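Biologist: Could you take one part of this model and walk me through it closely? I'd like to hear about how a pair of helices packs, then whatever else fits.

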Amino acid sequence: MNGCDIAWMLVATSLVLMMTPALGFFYGGLVRGKNALNTIMMSFAALGFVGIAWALLGYTLAFDAGGALLGGLSHALLRGVGLEAQGTIPQVLFMAYQGSFAIITAALVSGAIVERMRFSAYLAFITLWCLLVYAPVAHWVWGGGWLAGLGTLDFAGGTVVHVNAAAAALVAALLLGPRKDYARRAILPHNVPFTLLGAGLLWFGWFGFNGGSALGANASAALAFVNTLLAPAATLSVWTLLDLGRSGRATAIGAATAAVVGLVAVTPAAGFVSPLAAIVLGGLAALPSYYGLLWRARTRLDDSLDVVAAHGLGGTVGALLTGVLAQKAWNGSADGLLFGNPRQLGIQALAVAITIAFSAAMTAGILKLLAMLMPLRAEPRDEGLGLDVSQHGEEAYARDEGAILILPDAGPRRVAERDLALAPEGGRS
Amino acid sequence: MKLVVAIVRPEKLSEVLEALFHAEVRGLTISRVQGHGGETERVETYRGTTVKMELSEKVRLEIGVSDHFVEPTVQAVLGAARTGLVGDGKVFVLPVEKVYRIRTGEEDQAAVTPVEAPVAAS
């Protein structure tokens with residue numbers, strides 16, 4: 001084991017964990033104020049439910065040797081996950097690092113189903129999804145499964161995390177149906193600064209996501225780290241120019257989206273391509289997502305926060321371009337199409353296609369199963385009132401006028417009267 | 001002339017506006033207000049502090065109309081704002097003593113009759 005590697009992976013794990021609340025803010029700013037808490041909670045709750053599901057069962061399904069399709073159960077309930085080395089870091093740390101990936105992947109799906117899903121159904125969904133969809137795909141690519149055997153290049157999870165989550169998001173949006181207001185009236189983001197804050201914190205955390213995927217403090221981590229800086233910068237620039245060319249105005253939500261698209265696209269490529277190639281990759285990745293977003297908004301598909309356009313298209317472009325731009329001189333293991341290995345592009349395309357098919361089918365199965373046990377959607381009345389009040393009994397922006405304090409022993413009294421009673425000199429406020 | 005004052009649910013506002021425009025009611029003012037009309041109580045909890053929210057968000061529309069427009073205006077609001085549950089709101093029709101249009105100084109009937117869109121000066 002190596003102290004430097006352990007130190008970096010401890011930091012990287014906490015950076016990736018922060019990405020989940022950051023995603024909550026990114027998504028939370030884009031919804032209406034009456035659903036702000038619910039949307040942020042969809043990410044926040046994943047920290048708990050998916051975190052535990054991962055430790056108890058998900059880790060073993062993904063990273064136990066097992067077979068080509070699924071890991072075994074030898075690490076179930078964290079059995080045998082101790083301080084022994086996994087690579088150059090303790091296995092417990094490796095388990096935690098991978099757990100932070102499982103958490104954010106499940107949370108990503110929520111962007112397609114905000115403002116309408118019942119929260120308890122959502123909790124059941126992400127817990128099952130982590131075990132039945134994320135863990136198998138992680139096993140295929142990183143846990144010694146069959147896609148790893150084929151030579152798929154996925155440095156930090158372009159396919160495992162982003163394409164996988166986007167396919168699930170598409171199916172979930174289709175099965176849940178659109179919000180009742182969708183395409184009938186204007187639905188505006190309630191806090192664009194939240195979205196920029198979330199995107200900025202996602203970028204910050206992504207240095208741990210990509211840089212940490214080298215699993216050590218080494219040259220590969222440095223390359224991934226630098227590419228994580230450059231690719232989104234290129235996407236952001238191209239996106240802004242597209243905005244300026246189309247409407248003459250550089251939108252803030254566009255900039256936030258662009259940063260995320262660039263990060264998604266560089267995820268599979270981070271440790272495999274040269275920094276200059278990362279800039280090219282980031283710039284190219286802006287195009288499908290930019291036009292995908294414009295197209296989606298004109299359809300009946302209520303993928304509310306554009307998980308498919310940002311993560312699906314961004315992840316697919318990133319995975320394919322990894323097969324084009326990978327360079328042995330930088331990564332020491334594989335070349336892409338541009339460096340004389342066209343077969344790599346085919347492998348990348350196969351991995352993306354298989355992941356989409358598997359994730360879509362399994363997600364549909366999980367949601368159909370849950371629909372038999374419980375309603376998936378909030379009542380139309382609750383949807384109108386907002387899910388903050390109906391699902392959580394709280395408001396993001398509560399006002400205390402007219403709020404009556406319910407005391408456990410006495411009857412209800414007005415807040416103002418109570419304050420006056422406690423402060424006879426005239427009340428505090 | 002009458003002043004129609006309607007208090008409606010915020011989530012119904014878009015439908016109400018749509019219905020009013022269909023009824024060719026053009027001039028109106030809205031404000032966000034809070035009120036209570038016997039809705040079932042909303043209980044919220046913040047870190048163990050439980051409160052009953054007595055006031056709900058509502059939108060208040062004020063529409064000055066000439067007499068023959070009162071009925072269409074009221075019907076448009078009634079049709080669009082109703083969910084059938086307590087808390088749908090109220091419509092008040094008030095007599096109006098005098099109306100002035102500030103831009104022209106027109107009075108009464110003329111002041112509440114919408115102007116045709118002015119021909120763009122070229």
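**A helix pair in chain A**

Modeller: Sure. In this predicted model, helix α8 (residues 219-247) of chain A and helix α10 (residues 275-296) of chain A have axes that come within 7 Å and cross at roughly 40 degrees. Angles under 35 degrees would count as roughly parallel and 65 to 115 as roughly perpendicular, so α8(A) and α10(A) are oblique to each other. Their crossing is right-handed. On the α8(A) side, the contact includes Val226(A), Asn227(A), Leu230(A), Pro232(A), Thr235(A), Val238(A), Trp239(A) and Leu242(A). From α10(A), the residues taking part include Pro275(A), Ile279(A), Leu281(A), Gly282(A), Gly283(A) and Tyr290(A). Sort the contact residues by type and you get 16 nonpolar, 4 polar and no charged.

Now over to another helix in that chain. Helix α6 (residues 158-176) of chain A has 19 residues and spans 26 Å from first C-alpha to last, close to the 27 Å expected. Of those 19 residues, 17 are buried, so α6(A) is largely enclosed by the rest of the structure. Just past its end, Gly177(A) takes a positive phi of about 85 degrees.

One more stop, in chain B. Val16(B) sits in helix α1 (residues 13-22) of chain B. With 23 other C-beta atoms within 10 Å and a cut-off of 20 or more, Val16(B) counts as buried. Leaving out residues up to four places away in sequence, Val16(B) touches Val8(B), Val77(B), Ala80(B) and Ala81(B). Val16(B) and Ala76(B) are 60 residues apart in sequence, yet their C-alpha atoms are 7.0 Å apart in space.

Key: Residues are numbered from 1 along each chain as its sequence is written. Chains are lettered from A and ligands numbered from 1 in the order in which they are written. This is a predicted model: local features need pLDDT of at least 70, side-chain atom pairs count only at pLDDT 80 or more; totals for chains, interfaces and linings use all residues. Axes are lines fitted to C-alpha atoms, for helices over the stretch in contact, and angles run from 0 to 180 degrees between N-to-C directions. Helices (H or I, at least four residues) and strands (E, at least two) are DSSP runs, numbered from the N terminus. Angles under 35 degrees count as roughly parallel, over 145 as roughly antiparallel, 65 to 115 as roughly perpendicular and the rest as oblique. A crossing is left-handed if the near helix is turned anticlockwise from the far one by less than a right angle, and right-handed if clockwise. Two residues are in contact if their C-beta atoms, placed from the backbone, lie within 7 Å. Ala, Val, Leu, Ile, Met, Phe, Trp, Tyr, Cys and Pro count as nonpolar, Asp, Glu, Lys and Arg as charged, and the others, Gly among them, as polar. The expected span of a helix is 1.5 Å times one less than its number of residues. A residue is buried if 20 or more other C-beta atoms lie within 10 Å of its own, exposed if 12 or fewer, and partly exposed in between; C-beta atoms are placed from the backbone.
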